[in-house]
Every structure is written in C-alpha cells, then in structure tokens.
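Subject: Structure for you to look at

Hello,

Here is the structure I said I would pass on. Please open it next to this email and find each residue as you read.

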Amino acid sequence: MSQDSLQPPTRILVVDDHPLVRDGLVAIIQTQPDMQVVGEVDDGEQAVARYRELQPDIVLMDLQMPRMGGIEAIARICRFDPSARIVVLTTYKGDVQAVKALEAGACAYLLKSVLRRELIETIREIRFDRLWRKRLPQEIAADVAAHVLDDALSPREAEVLGLVSGGNSNKAIAALMGISEDTVKAHMKSILRKLNARDRTHAVTVGLRRGIIEL
C-alpha cells in the first residue's frame, strides 16, 4: 500500500468568481477518491476568511476577481500561514502576473486550458511535497526567463501606462496624476525603452500581454 493511500483525503478550497468554472473544478476533483472540496468562494476576501476557518490542504486560486484579486489574497493567506499551499488557476499568460503570484507565495501557476491534464497531478505533487520547485507553464516560464534581466516599470510608470491604455493624452495624465506634462513625457520615454516598444500603442499591447497593466 502506498504512502499516499494512507493519507486522509486532500481538503481543497476553490476560489473563482465564475460559477461555471467552480462547478467544473469541483467535477474534476470529485472524480478523485483521495480529494475533497471543503469550500467554494468567489472573491479574495472570502478566500482569506474561509482559509482561516477551514485550514485546507490546497487552495485553487483565480487571479482576476472583484473586491480583492488573487495576488493580494495569496499574500494575506501566506502571512497568516506561511506553509499554505496555493495553486493559481488563470487564463492570464502574463509573465509579470505569474512572478507576482509566486512571490506572494503561490506554489504553482496553471493555465485553465490545461486543467484536465495537469490539475490533479499538481495537487498531488504539492500535497505530498514532491513539487520541489515552483511550477510555471512552459510558455510563461520562457517569458519570465526572457525578461528576467529587464528593468521593471516603477509603480509610477505602471500607473502612467495604465492611464495611456485608457486613451488619456499626456496632458490629461498630468492632470490626473498631479504632475507636469514634461514628467509624463519622461515616464513615457522610460516605459518605451524598458518595454522595447515602438510607440504608445505598442507599449500598451506589451503591458497587457505581460500583465503589467489590466483593462
């Protein structure tokens, strides 16, 4: 008899704001006799509260949610319990978001498109400490490696880029941020250099793809 079979069922908390996604995750997990869904919530605030209440073995965490997103929820859960085992499940391929999630304390980052193939295996690896390094999908890991030596955008630059994505002019951004138009232009020059972008539109495209900004 294997060691895994001697263990009690792995208790799992599912966190996602889409009911159909939660139902699909529960359906996948329910096919496994050694796993049990002990809770379902639809935002980060509830995730933190339910984690404190339930103390699950594994959390399956979406990133894009109302009220409190997944990255903040991961950070709060891990401050409460540094040994928490959290798997990010997302449609989002941005390397910046992946790094932020792992830095916040997530153990793995899986794309929802590969859940049926990889979810159960990942849960077992994390539950029984067989996942010795944090897991990223190959395409995201390649992006992370490609940008590891890049200069990161400062919080101010990310804010400027976010406002650019909303269609704001330099003058409008200056007014919204309470800075001079020349300062906005200097931020944009730095943003274009750091993102290797041709122009403002390209910078926004790169920022969205990499998860630096969100629409």
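Below is what was found, starting with the whole chain and then going place by place.

The model is predicted. The chain holds eleven helices and five strands. It has 215 residues, of which 47% count as buried. If you take the contacts between residues at least 6 apart in sequence, 64% of them join residues at least 24 apart.

Aromatic pair

How many aromatic pairs does a search of the whole structure find? The search finds one. Its members are Y51 and F80, whose ring centres are 6.3 Å apart. The planes of the two rings stand at 85 degrees, and over 60 degrees counts as edge-to-face, so this pair is edge-to-face. Y51 belongs to helix α3 (residues 44-54) and F80 to helix α4 (residues 70-80). With their positions 29 residues apart in sequence, the pair links distant parts of the chain. The two residues also have their own exposure values. Y51 has a relative accessible area of 3%, so Y51 is buried. F80 has 36%, which means that F80 is partly exposed.

Helices α8 and α9

Two packed helices are described by the angle between their axes and the distance between the axes. For helix α8 (residues 155-165) and helix α9 (residues 170-177), the angle is about 130 degrees and the axes are 10 Å apart. That angle makes α8 oblique to α9. The crossing of these two helices is right-handed.

Which residues of α8 meet α9? They are R156, E159, V160, L163 and V164, and on the α9 side the residues are I173, L176 and M177. Sorted by class, this contact has six nonpolar residues, two charged ones and no polar ones.

L176 is worth finding on your screen. L176 lies in helix α9. Is L176 buried or exposed? Its relative accessibility is 56%, and the cut-off for exposed is over 50%, so L176 counts as exposed. Leaving aside neighbours within four places in sequence, L176 is in contact with L163 and N168. From L176 to V160 the distance is 9.8 Å, C-alpha to C-alpha, while the two are 16 residues apart in sequence.

R22 and V37

R22 sits in helix α2 (residues 19-30). The relative accessible area of R22 is 14%, and under 20% counts as buried, so R22 is buried. What does R22 touch, if residues up to four places away in sequence are not counted? R22 touches V14, D16, D17, E40, V41 and D42.

V37 is in strand β2 (residues 35-41). The relative accessible area of V37 is 23%, so V37 is partly exposed. Not counting residues up to four places away in sequence, V37 touches I12, V14, V26 and I29. V14 is thus listed for V37 and also for R22. V37 and P9 are 28 residues apart in sequence, and their C-alpha atoms are 9.5 Å apart in space.

That is the list for this chain.

Regards

Key. Residues numbered from 1 in each chain as written. Predicted model: local features only at pLDDT ≥ 70, side-chain atom pairs only at ≥ 80, totals over all residues. Heavy atoms only, no water. Helix = DSSP H or I, 4+ residues; strand = E, 2+ residues; numbered from the N terminus. Buried < 20%, exposed > 50% of the residue type's maximum accessible area, 1.4 Å probe, protein only. Contact = heavy atoms within 4.5 Å. Phe/Tyr/Trp six-rings, centres within 6.5 Å; stacked < 30°, edge-to-face > 60°. Axes fitted to C-alpha atoms, helices over the stretch in contact; angles between N-to-C directions. Parallel < 35°, antiparallel > 145°, perpendicular 65-115°, else oblique. Left-handed = near helix turned anticlockwise from the far one by under 90°. Nonpolar A, V, L, I, M, F, W, Y, C, P; charged D, E, K, R; others polar.
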